[in-house]
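Got a minute to walk through a fold together? Here's a relaxed tour of rings, strands and charged pairs, with the structure up on screen.

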Amino acid sequence: MNFPKKINRRTVLQGLGCSIALPWLESTKLFAGEDLAAKTKVPQRFACLFMGDGISPHHWWSKGNGSEMELGSSLTSLAPFKEKLNVINGLFNRHGDGGHAKCTGNILSGANLQKGRLISGGVSMDQMLSQHLEDATPVPSMVLGCEQPVSGFHESNYSMVYASHISWRTPNSPIPIELFPALAFDSLFGMQSSKLQGSILDHALAQANDLRGKVSSSDQVKLDEYLTSVRETEKRIQKLKPQSDSASKLPPASARPPLAQPKDFSEYAKLMCDIIALAFQTDRTRIATLLLSRDLSGQVYPFLNLRDAHHNLSHSNEGPEYQSIVKFHVEQYAYLIGKLAKMQEGDRTVLDNSCIMFVSEHWNAHNGQQVPLVLAGGLGGKLKTGRSLDYLKSGDDKRKLCSLYLSLMDRMGLELKEFGDAKDRLVGI
């Protein structure tokens, strides 16, 4: 393949129908010229990691700013990123206060959900951004999950559809969650990687070697690191393939036999985070959500030496058992932002150009009076970081969760008159 004289963000390596978009390279200016490189807009990205059933309130806090920030024990894994964080306390989701199911279904929309058989809520803010940026990337958004959705109704008469989904395309239609890492990985590369024998990189290696001779030494290192990351993720997914030929016995109507989900939940969560990191690094998408555990979660954690299910333990949320679950979820968040922080992109990192949110629907069991929430990344300089922000005593109208969403969408170029229950932006963000 002959590369054009201009190397830009959309340069790809091709291999048997697969395209691998390159990470940001400083050598753009060598081929495209200083003026064009200066005008190239570094992409902004948003991701949300969700944990169901609330946190351990006494262990979830922050004090101070910047490198002097102090963090509660639930958040200790975030200590290396203090200057990249906004730990926001006291936000209020008006229509998500109290009970199960409805608190999750509107965590990204603030909508007043309807009880009964008719599903009715609101479009989530990740999908508002996805629609706004739909022409910018091949994949509008990634909606991933590590726990199977459930059906039926909660005793409150809210559908369990609400409890299982945070990302909504329309008020009555959640986006199906991708549970299989292999299929999520395939979606980044034109759904063709599953048809290749061996690695997709094997089919693009000659092109990569050709490109190495045309970029700076620092870009050569960056290219090698990136291709290694793709290769490692591939290998981890390959290990999940069934060891028998049972997959070949699936009905012909199946477009592709689904590969296994990891049995080790810790590996599962990290693999999904790796896929989000690759998606952002390659600019295949700029919007992603990851439901680590749903509301009323049945997830179990034998690797934490816990025998009971997530939701059951959440009712004793101050105990060491549930605290270990919360810390585990925050560690997955720290893992993702740590990966993004190592990815150079122009004068910043992918993390610097993103906003990565961690949120749960409850402050503690059945209590939605506060929303535990952390942001990481500065949206390309549009969002100040390194802060502990407390809105608890500001009054309900001044601490709306949807006011935060309006502020974030503003910074990503989507200005709305109102969203959810909010018309005003969050003061001080």
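Which ring does the charged end of Lys270 sit over? That would be the ring of Tyr335, with the charged end 5.4 Å from the ring centre. Keep in mind that this is a predicted model.

There's a second case of this kind: Lys63 lies over the face of Trp61, at 5.1 Å from the ring centre.

**Rings**

On to ring-ring pairs. The count comes to 11 aromatic pairs. Take Phe265 and Tyr268: their ring centres are 6.4 Å apart and the planes make 80°, so this pair is edge-to-face. Planes over 60 degrees apart fall in that class. Phe265 and Tyr268 both belong to helix H9 (residues 265-281), three residues apart, which puts about one helical turn between them. Both residues are buried. They also have company, since ring pairs link Phe265, Tyr268, Tyr301, Phe303 and Phe328 into a cluster.

**The sheet and its helices**

Next, the strands. Seven of them make an open sheet with mixed pairing, in the order S7-S10-S3-S13-S14-S6-S15. At the edges stand S7 (142-145) and S15 (387-390); each has a single partner strand, so one side of each is left without a neighbour in the sheet. On average, neighbouring strands here are turned by 15° against each other, ignoring direction.

What joins S7 to strand S10 (residues 287-293)? Four bridges do, and the two strands run parallel. One residue pair to look up is Met142, whose bridge partner in S10 is Ala288.

Two helices are worth a look against this sheet. Helix H4 (residues 125-132) packs on it and touches strand S3 (45-51), S7 and S10, with its direction at about 155° to that of S10. Helix H11 (residues 320-341) lies across S3, S6 (85-91), S10, S13 (354-360) and S14 (371-376), and runs at about 170° to S13.

**Charged pairs**

Side chains of opposite charge can pair when their charged atoms come close. Searching the whole structure turns up nine salt bridges. Here are some of them:

| Salt bridge | N to O distance |
|---|---|
| Asp397 and Arg94 | 3.0 Å |
| Glu147 and Arg294 | 3.7 Å |
| Arg399 and Asp396 | 3.0 Å |

How many residues separate Asp397 and Arg94 along the chain? They are 303 residues apart, so to speak at two distant parts of the chain: Asp397 is in the loop between S15 and helix H12 (401-411), while Arg94 is in the loop between S6 and helix H3 (102-105). Asp397 is exposed, at 55% relative accessible area, and Arg94 is partly exposed, at 33%. This pair doesn't stand alone either: Arg94, Asp397 and Asp421 are linked in a network of salt bridges.

Buried or exposed: what about Glu147 and Arg294? Both are buried. Their salt bridge also links distant parts of the chain, 147 residues apart. Glu147 is in the loop between S7 and helix H5 (160-164), and Arg294 is in the loop between S10 and helix H10 (310-314).

The last pair in the table has a buried partner and a partly exposed one. Arg399 counts as buried at 4% relative accessibility, whereas Asp396 is partly exposed, with a relative accessible area of 32%.

Definitions and conventions:
Residues are numbered from 1 along each chain as its sequence is written. This is a predicted model: local features need pLDDT of at least 70, side-chain atom pairs count only at pLDDT 80 or more; totals for chains, interfaces and linings use all residues. Side-chain values use heavy atoms; hydrogens and water are left out. Rings of Phe, Tyr and Trp (its six-membered ring) pair if their centres lie within 6.5 Å; planes under 30 degrees apart count as stacked, over 60 as edge-to-face and the rest as tilted. Buried means under 20% relative accessible area, exposed over 50%, partly exposed in between (1.4 Å probe, protein chains only). A charge sits over a ring if NZ of Lys or CZ of Arg is within 6 Å of the ring centre and within 35 degrees of the ring normal. Two strands pair if DSSP finds at least two bridges between them. Axes are lines fitted to C-alpha atoms, for helices over the stretch in contact, and angles run from 0 to 180 degrees between N-to-C directions. Contact means heavy atoms within 4.5 Å. A salt bridge is a side-chain nitrogen of Lys or Arg within 4 Å of a carboxyl oxygen of Asp or Glu.
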